[in-house]
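Please open the structure in your viewer and keep the sequence panel beside it. The tour below moves from one selection to the next and says what is found at each stop.

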Amino acid sequence: MGGGDALGRGQVVVDDVDMAARIRDATLGDWPAIWPIVREVVVARDTFTYDPEMTEDEGRALWMVASPGRTTVAVDGGALLGTANMYANRAGPGAHIASASFMVASAARGRGMGRALAEDSLFWARAAGFRAMQFNAVAETNAAAVALYDSLGFSIVGTVPEAFDHPEHGLVGLHVMYLKLG
Ligand SMILES: CC(C)(COP(=O)(O)OP(=O)(O)OC[C@H]1O[C@@H](n2cnc3c(N)ncnc32)[C@H](O)[C@@H]1OP(=O)(O)O)[C@@H](O)C(=O)NCCC(=O)NCCS
């Protein structure tokens, strides 16, 4: 698994019994297939601190990150089943730390797409020269995301108490998770 081209874009291919997914850069033409995934995640309001009432235009502006950031998709055959974006976490003196976000359609979870999207983003961040990757707001109840990031080497550097209002669990903490690159 892994690889990349001269522009530093990661190309992660996942093959197992259930799926053969490819991660590639998103195009604006992918948006109609990305929006249902973004919408499903934000309406659930159990993982991201995004407005569940966001419109499609707001979703596109939020998710389709322009260069030098990047938006990617996970494609399985003809189906677009997951997406990620990545960018400098902060501007100016904070711009050497990357961040990223990942969303997989609920029907496609647990099949390696989230891992493939995350590994590809780390490949991109290393190739682009970022010193580390940081996730600013991982709900402590998000077992899948916490386990995925932990397995990739991220550590929890702190937890903001009661910072996330979960629809079932009420006020829960938001982890800041960090991985030094290189
Ligand atoms: C988090 C998310 C992107 C993971 O995507 P996925 O395709 O389901 O994940 P994968 O199948 O690649 O699994 C990767 C790892 O996540 C963990 N994981 C996945 N599902 C899990 C679950 N239900 N419970 C606990 N851990 C889980 C495992 O460590 C797994 O590693 P494995 O290779 O040992 O199985 C996906 O659940 C999702 O889109 N959730 C909603 C949006 C979200 O929470 N994004 C992250 C916000 S910080």
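The stops that follow go from the whole chain to one helix, then to the cores and the ligand.

This is a predicted model, in which local features need pLDDT of at least 70 and side-chain atom pairs count only at pLDDT 80 or more, while totals for chains, interfaces and linings use all residues. Residues are numbered from 1 along each chain as its sequence is written.

**The whole chain.** Colour by secondary structure to find four helices and eight strands; these are DSSP runs, H or I of at least four residues for helices and E of at least two for strands, numbered from the N terminus. Along the sequence they follow the pattern β-β-α-α-β-β-β-α-β-α-β-β. Of the 182 residues in the chain, 32% are buried, a residue being buried if 20 or more other C-beta atoms, placed from the backbone, lie within 10 Å of its own, exposed if 12 or fewer, and partly exposed in between.

**Helix 1.** Select 31-44, and within helix 1 pick out the buried residues Ile 34, Ile 37, Val 38, Val 41 and Val 42. Seen down the helix axis, the buried residues fall within an arc of 125° (taken from the directions from the axis to the C-beta atoms), so they line one face of helix 1. The face turned away from that side carries the exposed residues Pro 32, Pro 36, Val 43 and Ala 44. What covers the buried residues includes helix 2 (56-63), strand 3, strand 4 and strand 5. Just after helix 1 comes Arg 45, with a positive phi near 45°.

**The cores.** Next select Ile 34, Val 38, Ala 74, Phe 102, Met 113, Leu 117 and Ala 125, which have the most contacts inside the largest nonpolar core, a set of 30 residues; such a core joins buried Ala, Val, Leu, Ile, Met, Phe, Trp, Tyr and Cys residues through C-beta atoms within 7 Å. Helix 3 gives the largest share of this core, eight residues. A second, separate core of nine residues includes Val 138, Tyr 149, Phe 164 and Met 177.

**The ligand.** Which residues are closest to the ligand? Among the 22 that surround the ligand, they are Thr 47, Arg 109, Gly 114, Arg 115 and Ala 147, where a residue counts if its C-beta atom, placed from the backbone, lies within 6 Å. Helix 4 (143-151) is one of the elements that supply at least two residues of this shell, and helix 4 gives the most, six residues.

Conventions: Contact = placed C-beta atoms within 7 Å.
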